[in-house]
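This briefing gathers the main computed features of one protein chain, grouped by topic for a reader who wishes to follow them in the coordinates.

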Amino acid sequence: MGIKNIQVVIVLFSLIGIETIGVQIQATPSEGIIGSTSLQLRCSYTAVTGEFVTGANIQAKISGQFQNIATFYTPSLPFNASLTTEGNYLTNRVTLANPTSLSTDSALMQFFQIECEDETEYMCQVAYTSAGGSTSADSGVANISVKGNPERPDSVPSYVPSAGIEEGHNVVFTCTSNVGKPAGKFRWVRYRRNSNGDTLQTTPYDSETTTATLMPGTCTSNGTSSLTLKMEQIDNNVVVRCQVVYQDVPQGSLYKQTLGVNVFYSVRNVQVTKFPSNPTFAEGAEPITLTCTSAGNPAVINTGYTWYKESRTSVSLGTGSTYVINNVVVNETDNYICVAQNSFNGQTFNTNNSIHVQIDLTTTTSTTMPTTKMETSSTNHKTFSIEKEKECSTDLNSILIAVVAVLSGLQLAEMTGLYILHKKGIVQFKIAKKEIVYADVKSDNTQVHIYSTMNRAEDSGNSNYYNEIH
């Protein structure tokens, strides 16, 4: 086909409204993030022979209508690309580049700062000339969507009441923050900790509702969420975290959390221990130390511990977390009670526990006597000597025979009677009129003591009068 015929075809296409130039617009990427970001709008065209591009406009849909926001020129016109009056909102946020060819090239708008108003529809219009005169061609529509990154919560979660929190009471925690665009939500986490700050239990709360409100002058939303927790003893020193979740992904660094929350609870878990921890103690043993411990917030202070004996609870033994039994004697055997007390919010609480201390008599053995085997019973915390009793009986018979023999040889003629008493372990003899012999069968010392004395029984006429040695 000759040149003349081609020109005729172009004119005919122009007359019947058929555009022979191809125009496209593309956003790369199609999604921008509010703030510093890189996004490009490219207006591309391809002309056929005989068509010459003279310029191009990028248009944005503003208030429901497409308006020119930037104008571009080809090399045939020595002008720099520029923003139009309607596009002045892009000042200092974009750069523009003219096409470098009259037939096939692109006009470029490069964003380096994205704002909310950049989310809209865009199209490109290319002006060109041909044998039929000057005309223009339009591209299709490209969309740019804008997202807003969320931010850390404004502050640590607030909570009500903020002080004097007691076990069993409800506490309401509240968190606010920019949750971005599209609006995100909050995720709550409770960290139960011990007194050293070590986490004992982690509990997330993902079902809490977040209310999002569009912030004036922006396309992002301000979110608010609340969490209600019933405080327990284990919640003393608890930490509550508020974390932003954006597009269903918890944002690792976007959180704030409370300091440890102080939760009051009454004194409990009172424990009493003894040292040494013997089941029984011998009379005269080393001092016995009793120690009392408890749980509570506030913690029980030293003077919050009071000691009593179960046999005399009306009289305090003293205060403090320890009590020492210095005089280890039989009559100190008892149940020792520790009462622990703490107070908060104008209330006083106390509880107690006890421990039994058993102190037994000490039985000693003379070095002159044979070693005797002892058997003990812990049933009533007393020591019983079974074989000793048998041995004492044997020894007593021997002693009696020896005493009678001696006295018979000395004063056999004057013996008037023999009286044997076994009262409190004392065997008592009255020989003639002037001598009394005593033997203590409870003593480990089997020596026989002979005492000479005036026979006041004879003088008084009372034959039942005896001296007793205890």
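Two strands count as paired if DSSP finds at least two bridges between them. In this predicted model, that criterion underlies the pairing of β1 with strand β3 (residues 35-46), which runs in the antiparallel sense over seven bridges, and within it the bridge partner of Gln24 is Ser44 in β3.

**Overall composition**

- The protein chain has three helices and 34 strands, and buried residues make up 35% of its 470 residues.
- Among the contacts between residues at least 6 apart in sequence, 58% join residues that are at least 24 apart.
- The area exposed by the protein chain is about 26,300 Å², of which carbon and sulfur atoms supply 51%.

**A four-stranded open sheet**

- Four strands form an open sheet in the order β1-β3-β8-β7, and their pairing is antiparallel.
- β1 (22-28) and β7 (94-97) stand at the edges with a single partner strand each, so one side of each is left without a neighbour in the sheet.
- From one strand to the next, the twist in this sheet averages 10 degrees.

**The salt bridge between Glu115 and Arg93**

- Side chains of opposite charge can pair when their charged atoms come close.
- The structure holds 11 salt bridges, and one of them joins Glu115 to Arg93, with the closest N and O atoms 3.7 Å apart.
- This pair links distant parts of the chain, 22 residues apart, since Glu115 lies in the loop between β8 (104-114) and β9 (120-130), and Arg93 in the loop between β6 (82-83) and β7.
- The two partners differ in their burial: Glu115 is partly exposed, with a relative accessible area of 31%, whereas Arg93 is buried, with a relative accessible area of 4%.

**A salt-bridge network around Asp235**

- Which residues are linked with Asp235 in a network of salt bridges? The network consists of Arg190, Arg192, Glu232 and Asp235.
- Arg190 forms a salt bridge with Asp235, and the closest N and O atoms of the pair are 3.6 Å apart.
- Because Arg190 lies in strand β14 (residues 185-193) and Asp235 in the loop between β17 (221-230) and β18 (239-246), the pair ties together parts that are 45 residues apart in sequence.
- The side chains of Arg192 and Asp235 also meet in a salt bridge, at 2.7 Å from N to O.
- Arg192 lies in strand β14 and Asp235 in the loop between β17 and β18, so this second pair ties together parts that are 43 residues apart in sequence.
- Arg190 and Asp235 are both buried; the relative accessible area is 0% for Asp235 and 7% for Arg192, which is likewise buried.

**The surroundings of Lys181**

- Is Lys181, in the loop between β13 (170-180) and β14, buried or exposed? Its relative accessibility is 17%, and because buried means under 20% relative accessible area, Lys181 counts as buried.
- The side chain of Lys181 reaches the backbone oxygen of Val146 at 2.8 Å.
- When residues up to four places away in sequence are not counted, Lys181 touches Glu119, Val146, Lys147, Gly148, Cys219, Thr220 and Tyr246, so that Val146 appears both in this list of contacts and as the provider of the backbone oxygen, where contact means heavy atoms within 4.5 Å.

Key. Residues are numbered from 1 along each chain as its sequence is written. This is a predicted model: local features need pLDDT of at least 70, side-chain atom pairs count only at pLDDT 80 or more; totals for chains, interfaces and linings use all residues. Side-chain values use heavy atoms; hydrogens and water are left out. Helices (H or I, at least four residues) and strands (E, at least two) are DSSP runs, numbered from the N terminus. Buried means under 20% relative accessible area, exposed over 50%, partly exposed in between (1.4 Å probe, protein chains only). Accessible areas come from the Shrake-Rupley method with a 1.4 Å probe; for residues, only the protein chains shown count as cover. Axes are lines fitted to C-alpha atoms, for helices over the stretch in contact, and angles run from 0 to 180 degrees between N-to-C directions. A salt bridge is a side-chain nitrogen of Lys or Arg within 4 Å of a carboxyl oxygen of Asp or Glu. A polar contact is a pair of N or O atoms within 3.5 Å; within protein, one must be able to donate a hydrogen and the other to accept it, and residues adjacent in sequence count only if both atoms are side-chain atoms.
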